[in-house]
Amino acid sequence: MRARRLRALLAAVLAAAVLAGAAGCAQSVDPIERLGKKAAQRVRRSYGPHEGAYRRWGLAAPLAPPPRPARPLPRHVEPEDEGLPEVLDRVPTHDRVVFLTYDEGAERDPRFVEMVRDLRLPVSVFLTDSGDGPGYARIGRLRAAGATIQNHTLDHAGLRGRPYAEQRAQICAGRDRLRSRLVRRPLLLRLPYGRYDRTTLRAAADCGIKALILWRPAHAYGRSTALHPGDIIRPHEPGRPQTSLTTETTRVLRRLQSRGFTVARLEDYL
């Protein structure tokens, strides 16, 4: 008797499930499928800048997403420069993008780290060796926010005019210290004070550097100064208060938007 009652109850449950499935055939009833769709939606939402973040940082509209990098434009290389890294303050491209780059000190500003994270800014930060654990913890937070960390020599010594061995030691040691703490080997080098000579190029090549990165100061772009596709910009000038870092970056971003440009990641174009 009890067995018959259990079979009848099971049959009733199965019948109800079949009816529910028939009534809702236009919608998926697979909970795994529904969970997968929700997860995908969360990923899509988290990929771009946080909702409304641009207002928090003083922008009137979100930054336009950068295009997929086109094939690099051909570059003329003199025969004697074969095998040496390029020296760039602009990347040859037709894309209406510029590249934002920063030097040491950016990692010490928590508000700048928040800005990079909130806006998904594809910035490149060139660092010397901080020499201590807390310093690398700050660098780790900046990298986790989306910044790319590159080489600025070991201790910011001027390179031009120094012997090859000294220049190579500065470049390779800076590379190795960053690689040992951040895993990835930096392939770009920002020259201290923007000064270099042919010995610098040879030393950088021997340290595996792909390109030497100069810059165009942000204050050079006045009302009448044109932006060019591929310009490498340094928004924050040395000697100015670090508290102005986010303010200066916002000023640059507004100017870019008003002229139909956006920000791309430098490493994607090199």
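1. Burial first: of the 270 residues in the chain, 39% are buried. Please keep in mind that this is a predicted model.

2. On the overall make-up, the chain holds eight helices and nine strands. If you take contacts between residues at least 6 apart in sequence, 73% of them join residues at least 24 apart.

3. I spent some time on helix α7, which covers residues 198-206. Its buried residues are T199, T200, L201, A203 and A204. These pack against two segments that precede α7 in the numbering, β1 (86-88) and α6 (164-182), and also against β5 (188-190) and β6 (211-213).

4. Both ends of α7 are worth a look in the viewer. At its start, a side-chain oxygen of D197 comes to within 3.1 Å of the backbone nitrogen of T199. Just past the other end, G208 has a positive phi of about 80°.

5. Next, the pairing of α6 with α7. Their axes lie 9 Å apart and the helices pack at an angle of about 45°, which means α6 is oblique to α7. The crossing of the two is right-handed.

6. As for who makes that contact, α6 contributes Y164, Q167, R168 and I171, while α7 contributes T199, T200, R202, A203, A204 and D206. By character, the residues of this contact divide into four nonpolar, three polar and three charged. You may like to note that T199, T200, A203 and A204 of α7 take part in the contact and are also buried.

Conventions: Residues numbered from 1 in each chain as written. Predicted model: local features only at pLDDT ≥ 70, side-chain atom pairs only at ≥ 80, totals over all residues. Heavy atoms only, no water. Buried < 20%, exposed > 50% of the residue type's maximum accessible area, 1.4 Å probe, protein only. Helix = DSSP H or I, 4+ residues; strand = E, 2+ residues; numbered from the N terminus. Contact = heavy atoms within 4.5 Å. Polar contact = N/O pair within 3.5 Å; in protein donor to acceptor, adjacent residues only side chain to side chain. Axes fitted to C-alpha atoms, helices over the stretch in contact; angles between N-to-C directions. Parallel < 35°, antiparallel > 145°, perpendicular 65-115°, else oblique. Left-handed = near helix turned anticlockwise from the far one by under 90°. Nonpolar A, V, L, I, M, F, W, Y, C, P; charged D, E, K, R; others polar.
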